[in-house]
Amino acid sequence: MTTPRVTIKDVAARAGVSKGAVSLAFNRKPGLSDATRDRIFAAARELGWAPNLAARSLSSQRVDVVGLAICRPAKLLGREPFYMEFISGVEGVLTERSCSLLLRLVRNLEEEVGLQDAWWRGRQVSGSILVDFRADDPRVAAVGRLGMPVVAVGHPSLTGGLTSVWTDDTTAVTEAVRYLVALGHRRIARVGGAASLGHSALRTEAFERAAGSLKLVRVWQVATDFSGEAGARATRSLLTAPEDDRPTAIVYDNDIMAVAGLSVAAEMGVRVPEDVSLLAWDDSQLCRLTRPTLSAMSHDVHGFGADVARTLFEVIGGGGGSHPAATPLLVPRGSTATAP
């Protein structure tokens, strides 16, 4: 028995709207509330219906909107220099091409999967940038089913064959540990990001391997949410131990946590760098405004964002290939990492 073909009329009936409203939603036309538009997209997903993809082929369309969804609280994102610099790099390339960025914050990956589906089916974007990959990330299969042009910001081991641009976190972490060991440190801690994030897991593994190969006396790794508050709590916990049983150096996965850690050390009367050395992952303006100035890993985040945007345009045009960005390097100008 042949299954009846789903039509725009069926979608309209499921959503409780007219066929004209469905057309408005999928053609990005004004005249509908966000709630109605979302209801139409949800009905289309439930029925497995999409507009004629041949008619909406990107080869005959102007590429004018790129999507980016970020799974972070708005308050935290506003304080995080990394994403601000990354987005500015993306925007620089989009501006050159008279394109716009559609930015949305989501609460979880499931919400993002639905959002990307709605963006693509609704012809709201020509492609998307995917960030913060997890192991077995559901977005890989979802965008594959849609045939949606994307670039994945993450190591190829996490991105399931999608075109990817990534930083070499493994090498960077290893070099950071080697640098601190060369200064004479044998008790080193790392205040990392969320354990569920793929790049955090890669850094964790690299830190453990480096510590083992260099035969450190003791190591600590603390997972956080990247916030200054979490960085402060982790630092306080590490520094409350007796002096001969606490780290002499701490590596932070972002600059916000490093700045918070510096503040906690001052509050506790722990001298930096005489009693403990601090090393930040991102060399943002924040690191240069502290006293003493924070030693950091140099990473051209703006250039990284621009590279990602250019790669997405190559994918949309039918080309593009995965490649690593520049590896973060140690910056000599900071003064918070010295011999113990």
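Biologist: How many salt bridges are counted between domain 1 and domain 2?

Modeller: The count between domain 1 and domain 2 is zero salt bridges, bearing in mind that this is a predicted model. The rule also finds zero residue pairs in polar contact across that interface, where both residues must be at pLDDT 80 or more.

Biologist: OK, and which elements of domain 1 give two or more residues to the side that touches domain 2?

Modeller: Those elements are helix H2 (19–26) and H3. By class, the side of domain 1 that touches domain 2 has six nonpolar, one polar and two charged residues.

Biologist: What area do domain 1 and domain 2 bury between them?

Modeller: About 800 Å² is buried between domain 1 and domain 2, with 50% of it on carbon and sulfur atoms.

Biologist: Where do the domains run along the chain?

Modeller: The domain assignment gives domain 1 as 8–51, domain 2 as 65–167 + 302–324, and domain 3 as 169–298. Taken over C-alpha atoms, the centres of domain 1 and domain 2 are separated by 25 Å. The contact of these two takes nine residues from domain 1 and eight residues from domain 2.

Biologist: Back to charges: how many salt bridges does the rule count?

Modeller: The count comes to 14 salt bridges. One of the pairs is Arg14 with Glu46, whose side chains meet at 2.8 Å, N to O. That pair links distant parts of the chain, as Arg14 lies in helix H1 (residues 8–15) and Glu46 in helix H3 (residues 34–47), 32 residues apart.

Biologist: Is Glu46 in that pair buried or exposed?

Modeller: Glu46 is exposed, with a relative accessible area of 54%, while Arg14, at 47% relative accessibility, counts as partly exposed.

Biologist: And what about Arg203, which residue does it form a salt bridge with?

Modeller: Arg203 forms a salt bridge with Asp169, and their closest N and O atoms are 3.4 Å apart. Here too the pair links distant parts of the chain, with Arg203 in helix H9 (residues 198–213) and Asp169 in helix H8 (residues 169–183), 34 residues apart.

Biologist: Why does Arg203 count as buried?

Modeller: Arg203 counts as buried because its relative accessible area is 6%, and buried means under 20%. Asp169 is buried as well, with a relative accessible area of 6%.

Biologist: How about Arg236 and Glu267, what is the N to O distance there?

Modeller: The side chains of Arg236 and Glu267 meet in a salt bridge at 3.1 Å, N to O. Arg236 sits in helix H10 (residues 228–239) and Glu267 in helix H11 (residues 255–267), 31 residues apart, and the pair links distant parts of the chain. As for accessibility, Arg236 counts as partly exposed at 30%, whereas Glu267 counts as exposed at 53%.

Biologist: Which residues do salt bridges that share partners join into one network?

Modeller: Asp169, Arg190, Arg203 and Asp253 are joined into one network by salt bridges that share partners.

Biologist: Switching to the whole chain, how many helices and strands are there?

Modeller: The secondary structure comes to 13 helices and twelve strands. The C-alpha trace spans about 75 × 40 × 35 Å along its principal axes, and of the 340 residues of the chain, 51% count as buried.

Biologist: Last one: among contacts between residues at least 6 apart in sequence, what share join residues at least 24 apart?

Modeller: In this chain, 72% of those contacts join residues at least 24 apart.

Definitions and conventions. Residues are numbered from 1 along each chain as its sequence is written. This is a predicted model: local features need pLDDT of at least 70, side-chain atom pairs count only at pLDDT 80 or more; totals for chains, interfaces and linings use all residues. Side-chain values use heavy atoms; hydrogens and water are left out. A salt bridge is a side-chain nitrogen of Lys or Arg within 4 Å of a carboxyl oxygen of Asp or Glu. Helices (H or I, at least four residues) and strands (E, at least two) are DSSP runs, numbered from the N terminus. Buried means under 20% relative accessible area, exposed over 50%, partly exposed in between (1.4 Å probe, protein chains only). Domain bounds come from an automatic or database domain assignment. Contact means heavy atoms within 4.5 Å. Buried area is the accessible area (1.4 Å probe) that two parts lose on being put together, summed over both. A polar contact is a pair of N or O atoms within 3.5 Å; within protein, one must be able to donate a hydrogen and the other to accept it, and residues adjacent in sequence count only if both atoms are side-chain atoms. Ala, Val, Leu, Ile, Met, Phe, Trp, Tyr, Cys and Pro count as nonpolar, Asp, Glu, Lys and Arg as charged, and the others, Gly among them, as polar.
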